[in-house]
Amino acid sequence: MSLKRTGKVALCGVMAALATVVMLLSYFPYLTYAVPAVAGLCFVILAIETGPKWAFMAYAAAAVLVFLLAEQEAKIMFIAFFGYYPILKGIVEGMRKKTLEYLLKFLVFNLVMAGVYALLIFVLGMPLDQMGDFGKWTALVLLVMGNAAFLLYDFTITQLIGLYMHSFHHRLKKLIH
C-alpha cells in the first residue's frame, strides 16, 4: 500500500468518524435536520481530495455507524440524502449545464424527501392529524420550505467549497499526497 493510498484511507476514516460524531448531536432538541446537513459536509473534503469513489465508501461506512447510533429521524435524513448529496453535487455540477444541473438536483431532493416523509408518516407513524388545520397543508408547506432550504444549502456548500479550496486544500493535499 503506497503512502498515497494510506493517506486516502486515513482521511476517509477520520471523516467518516467525524460525520458520525457530528450525528450524535442529533439527540439535542431542534437539531434533527441541521445535524445531518452539517455531517454530510465532511464528504465534500473527501470528494475533492480523494474522488467520489472514496467519498462514497466513507459515506457508506459512516451510514452504518449512524444507523446504529444516531437519533431516528436524523439518521434517516443523513442516510437518505444529506450524507451523500455533497458528493453527488460535485458529480452533477461536472455536467456544466446549469439548468440541467439544478433540475437534476431538485428532482433528487424532492424524490428523496417525498420518500423520507412517506416512511416517517406511514411506517414510523409521524402524526400529521394532531396539527389541526395545518395538518392538511403540511405536505405543501414542507415542500415549499424544504425546496427553499435546499437551495440555500446547495449555495452554502458551493461557498464552503470555495473557502476550503482557497484556505485549506493545499495544506491537506501535502498530508495525503
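This is a short tour of one protein chain, stop by stop, with something to select at each one. Keep in mind that the model is predicted.

**Stop 1: helix 3**

Start by selecting residues 42-49, which make up helix 3. Is this helix mostly covered or mostly open? It is mostly covered, with 6 of its 8 residues buried. To see which ones, colour Cys42, Phe43, Val44, Ile45, Leu46 and Glu49: these are the buried residues of the helix. Now step on to Gly51, which follows helix 3 and has a positive phi, near 100°. Keep Phe43 in mind, for this residue returns at the next stop as a member of an aromatic cluster.

**Stop 2: the aromatic rings**

Next, show the aromatic side chains. How many aromatic pairs does a search of the whole structure find? It finds 15. Two of these pairs are worth a visit.

Select Phe81 and Tyr84 first. Their ring centres are 6.1 Å apart and their planes meet at 70°, so this pair is edge-to-face. Both Phe81 and Tyr84 are buried.

Then select Tyr85 and Phe150. Here the ring centres lie 5.2 Å apart, again with planes at 70°, so this pair is edge-to-face too. Trace the chain from one ring to the other: Tyr85 belongs to helix 6 (residues 85-93) and Phe150 to helix 8 (residues 138-167), and the two are 65 residues apart, so the pair links distant parts of the chain. Are these two rings buried or exposed? Tyr85 counts as buried because its relative accessibility is 1%, and Phe150 is buried as well, at 3%.

To take in the wider setting, select Phe43, Tyr59, Phe78, Phe81, Phe82, Tyr84, Tyr85, Tyr102, Phe106, Phe109, Phe150 and Tyr153 together; they form one aromatic cluster. Both pairs you have just visited are among its members.

**Stop 3: charges over rings**

Some rings have a lysine for company. Select Phe67 and Lys75: the charged end of Lys75 sits over the ring of Phe67, 5.0 Å from its centre. For a second example, select Tyr102 and Lys105. Lys105 lies over the face of Tyr102, at 4.6 Å from the ring centre. Leave Lys105 displayed, since the next stop is built around this residue.

**Stop 4: a network of salt bridges**

The structure has 4 salt bridges in its count. Select Lys89, Glu93, Lys105 and Asp154, which are linked in a network of such bridges.

Begin with Lys89 and Asp154, whose side chains meet at 2.9 Å, N to O. Lys89 lies in helix 6 and Asp154 in helix 8, so this pair ties together parts that are 65 residues apart in sequence. Lys89 and Asp154 are both buried.

Move on to Lys105 and Glu93, where the closest N and O atoms are 2.6 Å apart. Lys105 is in helix 7 and Glu93 in helix 6, so the bridge ties together parts that are 12 residues apart in sequence. Look at how covered each partner is: Lys105 is buried, with a relative accessible area of 2%, whereas Glu93 is partly exposed, at 22%.

Which other residue does Lys105 form a salt bridge with? The partner is Asp154, with the closest N and O atoms 3.1 Å apart. This pair links distant parts of the chain, from helix 7 to helix 8, 49 residues apart.

**Stop 5: Glu71, a buried charge**

Now select Glu71, in the loop between helix 4 (52-69) and helix 5 (72-82). Glu71 is buried yet has no salt bridge. The nearest side chain of opposite charge belongs to Lys75, and it is 8.5 Å away. What does the side chain of Glu71 reach instead? It reaches the backbone nitrogen of Ala74, at 2.9 Å. Add Ser26, Tyr27 and Thr32 to the view: leaving aside neighbours within four places in sequence, these are in contact with Glu71.

**Stop 6: out to Arg96**

For the last stop, select Arg96, in the loop between helix 6 and helix 7 (98-123). Arg96 is exposed, with a relative accessible area of 73%. Finally, draw a line from its C-alpha atom back to that of Phe43, where the tour began: the two residues are 53 places apart along the chain, and the line spans 21 Å.

Note on methods. Residues are numbered from 1 along each chain as its sequence is written. This is a predicted model: local features need pLDDT of at least 70, side-chain atom pairs count only at pLDDT 80 or more; totals for chains, interfaces and linings use all residues. Side-chain values use heavy atoms; hydrogens and water are left out. Buried means under 20% relative accessible area, exposed over 50%, partly exposed in between (1.4 Å probe, protein chains only). Helices (H or I, at least four residues) and strands (E, at least two) are DSSP runs, numbered from the N terminus. Rings of Phe, Tyr and Trp (its six-membered ring) pair if their centres lie within 6.5 Å; planes under 30 degrees apart count as stacked, over 60 as edge-to-face and the rest as tilted. A charge sits over a ring if NZ of Lys or CZ of Arg is within 6 Å of the ring centre and within 35 degrees of the ring normal. Lys and Arg count as positive and Asp and Glu as negative; His and the chain ends are not counted. A polar contact is a pair of N or O atoms within 3.5 Å; within protein, one must be able to donate a hydrogen and the other to accept it, and residues adjacent in sequence count only if both atoms are side-chain atoms. Contact means heavy atoms within 4.5 Å.
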